[in-house]
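Colleague: I would like to learn how to read a model like this one, feature by feature. Could you take me through it?

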Amino acid sequence: MSGAEKVVCVTGASGYIASWVVKILLQRGYTVKATVRDPNDRKKTEFLLALDGAKERLQLFKASLLEEGCFDSVVDGCQGVFHIASPVFFTANDPQSEIVDPAVKGTLNVLRSCAKVPSIKRVIITSSMASVMFNRKPVTPDVVVDETWFSDPVLCKEEKLWYHLSKTLAEEAAWKFAEECGIDLVAINPGFVIGPFIQPTPTFSVEGFLKLVNGTQTFPDGIYRMVDVRDVAHAHIQAFETPAASGKYCLVGRVAHYSEVFKILHKLYPSLHRPEIFEDDKPLVPVYKISQDKAKSLGISFTPLEVSIGDTIESLKEKGFLTV
């Protein structure tokens with residue numbers, strides 16, 4: 001089946017990952033039925049409508065994660081669905097209603113709509129390494145995290161990791177529903193996503209990266225599980241197009257300590273402020289490994305971290321959020 005004959009749905013199309021998925025799908029000749037919260041919000045839609053192929057093959061639909069049945073008409077006639085929409089922030093006044101419910105109920109809402117459409121061959125959901133890493137297993141340099149790992153909801157609740165809880169429960173619910181209803185489901189589990197952004201304003205992870213760039217004199221002792229947004233988008237599409245794809249896919253290009261990120265930043269942009277002091281002056285947390293074997297089986301070749309960091313900075317500069 002050629003791209004022009006394929007009709008797919010992308011939820012949350014104005015988001016960071018989703019907008020790249022839409023862009024690449026259009027480049028490949030797909031017809032894309034994309035959902036946004038408000039199709040009349042020009043700030044959230046203009047950049048999508050300006051993409052190559054959008055005039056001919058992009059349709060925008062209003063949809064809300066918590067409105068039952070609102071995805072029925074959108075997924076009707078589709079061969080594939082990319083469910084990417086989900087809250088991406090860590091704190092809230094009411095974490096259950098603001099983060100957890102939209103993620104879990106929204107995922108089930110989309111899957112219920114998909115279960116009614118026989119033409120849908122496969123559903124790809126965007127999960128996260130947040131639903132993989134956070135359990136009571138020790139993470140040491142000799143440990144390799146892979147797709148057999150699952151986060152522990154009890155631990156996430158105890159630690160008030162609401163985003164992590166939302167992704168863990170949403171993925172659990174998705175696997176259970178897919179098994180019960182015979183849906184061919186694949187989950188993509190990216191780490192901390194960086195790289196150029198298509199939207200007019202930076203999203204949560206790019207804002208986090210910007211804060212890192214504009215950092216203080218000290219930086220916390222911590223580790224990033226980093227991946228390029230373009231690799232994440234390609235993985236979604238490869239997971240749809242590869243018949244043998246199944247289960248979930250950890251997507252992390254590089255596990256790097258904060259200090260390593262700062263060294264790359266300083267090498268690329270010497271004028272950027274570079275903190276030299278560690279918080280509490282403690283030894284660095286050791287870096288562990290995350291398996292790339294399954295991701296590479298999709299044909300994913302990870303973008304070097306230096307390229308991702310450079311392209312993120314250039315994107316921030318181009319859109320006026322950073323001057324270096």
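Colleague: What radius of gyration would a compact globule with 324 residues have, and what does the protein have?

Modeller: The rule, taken over C-alpha atoms, is 2.2 Å times the number of residues to the power 0.38. For 324 residues that puts a compact globule near 20 Å, and the protein agrees, with 19 Å. Bear in mind that this is a predicted model: local features need pLDDT of at least 70, side-chain atom pairs count only at pLDDT 80 or more, and totals for chains, interfaces and linings use all residues. Residues are numbered from 1 along each chain as its sequence is written, and side-chain values use heavy atoms, leaving out hydrogens and water.

Colleague: How much of the protein is buried?

Modeller: Buried means under 20% relative accessible area, exposed over 50%, and partly exposed in between (1.4 Å probe, protein chains only). Here, 54% of the 324 residues are buried.

Colleague: Which helices and strands should I look for, and how many are there?

Modeller: Helices (H or I, at least four residues) and strands (E, at least two) are DSSP runs, numbered from the N terminus. This protein has 12 helices and 14 strands.

Colleague: How do I check the span of helix H12?

Modeller: Multiply 1.5 Å by one less than the number of residues. H12 (residues 305-318) has 14 residues, so 20 Å is expected, and its end C-alpha atoms are indeed 20 Å apart. Among its buried residues are Leu305, Ile309, Ile313 and Leu316. The buried residues of H12 pack against several elements, including strand S10 (223-228) and helix H9 (229-241), where contact means heavy atoms within 4.5 Å. After H12 comes glycine 320, with a positive phi near 85°.

Colleague: Is valine 81 buried or exposed?

Modeller: Valine 81 has a relative accessible area of 0%, so it is buried. Its place is in strand S4 (residues 80-83). Leaving aside neighbours within four places in sequence, its contacts include Cys9, Val75, Val110 and Ile124. Isoleucine 124 is 43 residues away in sequence, but the two C-alpha atoms are 6.2 Å apart.

Colleague: What about the phi of lysine 160?

Modeller: Most residues other than glycine have a negative phi. Lysine 160 is not a glycine, yet its phi is positive, about 55°. You will find lysine 160 in the loop between helix H6 (153-158) and helix H7 (162-181). With 57% relative accessibility, lysine 160 counts as exposed.
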